[in-house]
Amino acid sequence: MQQNQALRNVAIIAHVDHGKTTLVDALFKQSGVFRADQHVDDRVMDNMDLERERGITIAAKNCSVHWKGVKINIIDTPGHADFGGEVERSLSMATGAILLVDSSEGPLPQTRFVLRKALEAALPVIVVVNKIDRKDARPEEVLNEVYDLFIDLGASEEQIEFPVLYAIGRDGVAMRSLDETPKDLSPLFETIVEYIPGPTYDPDKPFQMLVADLDYSDYLGRLAVGRIIHGAVQAKEALVCIGESGEAVPLRATRLQVYDGLKLVEVDAVGPGDIVVLAGIEDVTIGDTICTRENPQVLPRIRVDEPTVAMRFGINTSPLAGREGKIVQSRAIRDRLYKESLRNVAIKIAETEDKEAFLVKGRGEFQMAILIETMRREGFELSVGRPEVILKQNAAGETLEPIEHLYVDCDEVFMGVVTDKLAQRKGRMLNCTNHGTGRVRLEFSVPSRGLIGYRDEFLTDTKGTGIMNSYLEGYDVWRGDFLTRFSGSIVADRPGSAVAYALFNLEPRGVLFVEPGDPVYEGMIVGEHNRDNDIDVNATKEKKLTNLRAAGKDENIILTPVKKMTLEHALHFVRDDELVEVTPLSIRLRKVELSAVKRYKSASKNA
């Protein structure tokens with residue numbers, strides 16, 4: 001085996017908001033990707049609108065920089081466990097990883113998740129303790145926690161002997177020790193070149209490439225992205241693509257492109273180890289092998305963790321369907337979901353008995369919320385159900401459910417309410433750490449279904465100061481039923497527009513979701529009831545006018561301001577017999593059965 005010393009393929013992995021994308025910005029600026037006078041936005045790798053709005057990385061992205069004659073391909077990965085499929089396919093292109101850890105927060109659940117994937121792939125890791133300029137920074141303690149994490153994850157002796165750098169990603173500086181005077185990111189570039197090996201390849205083997213990502217161009221069609229494992233490829237060369245079935249589909253590499261900075265550059269040939277974007281095949285999926293026609297050899301497919309959460313996606317069947325969205329057909333929704341499953345290996349699509357509804361399986365409700373938000377911005381109208389966990393059966397016939405390892409960081413005064421709420425959701429406390437700073441760190445083992453909808457409640461209970469993170473620990477025996485919502489719904493019983501007079505008289509019944517003038521229809525949820533039962537109300541009732549007048553009878557009606565329902569809150573709020581109606585302009589809640597009479601008969605029958 002030989003090494004391509006002119007190349008380094010590096011994945012940057014970290015927990016959410018530990019500074020991955022900001023560090024990549026600094027790497028770009030100091031490697032000469034941008035001109036000195038060029039205006040550059042912050043977080044250039046976060047090119048999706050949702051990524052910029054939420055301040056997180058959702059999709060893994062590739063770029064490259066040059067340092068002293070060595071090309072460094074950089075893969076920016078998501079830090080959220082719900083997007084773990086992106087991390088797993090990205091690591092298949094890397095030969096090393098940079099683990100970023102916040103100097104105050106230390107290793108958090110997603111740090112454990114992404115590091116475990118890197119160690120399983122036997123990648124050498126460089127540890128960068130970032131944000132050492134924070135007032136509450138504790139770099140030495142954090143480094144000890146990182147060593148503990150490596151040992152806990154079963155790292156080999158070679159992997160534990162990792163180089164350590166201290167950085168301030170926002171300022172673009174890195175040091176080998178805390179005593180060193182910060183200058184620039186040269187120590188990081190040098191460590192990458194010294195410590196991370198060049199891609200290995202067999203010079204006697206023919207061309208082989210593993211497809212790790214898919215893209216689409218209006219001019220070139222489907223694009224396959226991946227690292228060349230062995231051999232080299234020429235433009236216009238005749239190749240084959242071997243899918244999961246093992247059938248070899250002929251193709252011709254119509255165009256080859258490689259990453260140069262943020263851009264794609266067309267080339268005539270690409271050597272072993274480089275990350276290439278290949279055009280010329282329509283029927284390709286992530287995990288396929290592209291190789292020569294004369295000597296086709298299959299590479300091991302990319303395998304990702306199984307989905308744990310499922311949601312029902314269907315057409316919008318409310319009386320307001322088709323008013324706000326352009327794409328409403330079930331066929332269009334189906335095609336869009338299958339297109340998403342091709343690009344995201346962690347998402348699976350299944351047909352249901354209802355031809356106009358589909359079951360979408362993924363890693364978590366946050367991943368589902370991002371998919372729904374993306375679709376509504378593309379002009380889709382759809383209805384979605386409550387997220388449900390995917391259950392399994394063991395050999396003894398027992399029902400198994402996914403269990404999360406939950407980390408909570410909150411003020412001491414909120415410890416009681418957090419523990420109580422999680423105990424109601426079948427959570428078990430594993431550890432409690434108090435450093436005497438006024439905040440405590442709690443660890444729980446909680447069923448995944450217990451965390452659906454709890455995040456909003458947790459932020460309310462901790463006055464917005466609590467931090468909650470979790471990762472999938474595995475499957476365990478079903479822990480029993482529990483209530484997920486203690487309140488009922490206020491449901492409109494007739495169509496029309498909401499009227500201030502009616503809403504004012506409904507306010508004592510609970511929290512309202514609609515404002516005067518909003519359209520309502522029979523079966524639409526207009527508020528949250530104070531009690532645990534549903535009530536049907538007339539939200540369109542107007543004040544009867546008479547010719548009698550009395551002092552104080554015609555005061556202006558002042559309503560409590562309505563907090564607009566967000567998509568995540570809506571998904572957490574709905575029960576099993578309710579749906580979220582999603583359009584490009586609105587998010588509404590509704591009953592699955594709109595007719596009040598049919599719902600009443602069904603409830604009587606069940607009782």
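The legends below describe close-up views of a predicted model.

**View 1. Eight strands form an open sheet.**
The strand order is β14-β13-β19-β10-β11-β18-β15-β16, and the pairing is antiparallel. At the edges lie β14 (248-252) and β16 (263-267), each of which pairs on one side only. On average, neighbouring strands of this sheet are turned by 40 degrees against each other, direction ignored. Strands of a sheet pair through backbone hydrogen bonds.

**View 2. Strand β13 pairs with edge strand β14.**
Strand β13 covers residues 238-242. Its pairing with β14 is antiparallel and runs over five bridges. One bridge can be picked out by its residues: Ile242 has Ala248 of β14 as its partner.

**View 3. Asp102 and Arg134 meet in a salt bridge.**
The N to O distance is 3.1 Å. Asp102 lies in strand β5 (residues 96-102), while Arg134 sits in the loop between β6 (125-130) and α5 (139-152). The pair therefore ties together parts that are 32 residues apart in sequence. Asp102 is buried, at 0% relative accessibility. Arg134 is partly exposed, at 30%. The structure holds 37 salt bridges.

**View 4. A salt bridge joins Glu378 and Arg336.**
Here the N to O distance is 2.7 Å. Glu378 is in the loop between α9 (365-377) and β23 (382-384). Arg336 belongs to helix α8 (residues 330-343), and the two residues are 42 apart. Glu378 is partly exposed, with 38% relative accessibility. Arg336 is buried, with a relative accessible area of 11%.

**View 5. Glu373 and Arg376 form a salt bridge within helix α9.**
The closest N and O atoms are 3.3 Å apart. The two residues are three apart in the helix, so about one helical turn separates them. Both Glu373 and Arg376 are buried.

**View 6. Salt bridges link several residues in a network.**
The members are Arg485, Asp534, Arg575, Asp577, Glu578 and Lys591.

**View 7. Asp409 contacts Arg439.**
Their side chains are joined by a polar contact of 2.8 Å. Asp409 is placed in strand β26 (residues 399-411). Asp409 counts as buried because its relative accessibility is 17%, and the cut-off for buried is under 20%.

**View 8. A nonpolar patch lies on the surface.**
Leu391, Val477 and Trp478 form this patch. Together they have about 230 Å² of accessible area. Trp478 is found in the loop between β29 (467-477) and β30 (489-492). Trp478 is partly exposed, at 31% relative accessible area.

Technical notes. Residues are numbered from 1 along each chain as its sequence is written. This is a predicted model: local features need pLDDT of at least 70, side-chain atom pairs count only at pLDDT 80 or more; totals for chains, interfaces and linings use all residues. Side-chain values use heavy atoms; hydrogens and water are left out. Patches are made of residues with over 30% relative accessible area and no salt bridge: like charges are joined within 9 Å, nonpolar side chains (Val, Leu, Ile, Met, Phe, Trp, Tyr) within 5 Å. Accessible areas come from the Shrake-Rupley method with a 1.4 Å probe; for residues, only the protein chains shown count as cover. A salt bridge is a side-chain nitrogen of Lys or Arg within 4 Å of a carboxyl oxygen of Asp or Glu. Helices (H or I, at least four residues) and strands (E, at least two) are DSSP runs, numbered from the N terminus. Buried means under 20% relative accessible area, exposed over 50%, partly exposed in between (1.4 Å probe, protein chains only). Two strands pair if DSSP finds at least two bridges between them. Axes are lines fitted to C-alpha atoms, for helices over the stretch in contact, and angles run from 0 to 180 degrees between N-to-C directions. A polar contact is a pair of N or O atoms within 3.5 Å; within protein, one must be able to donate a hydrogen and the other to accept it, and residues adjacent in sequence count only if both atoms are side-chain atoms.
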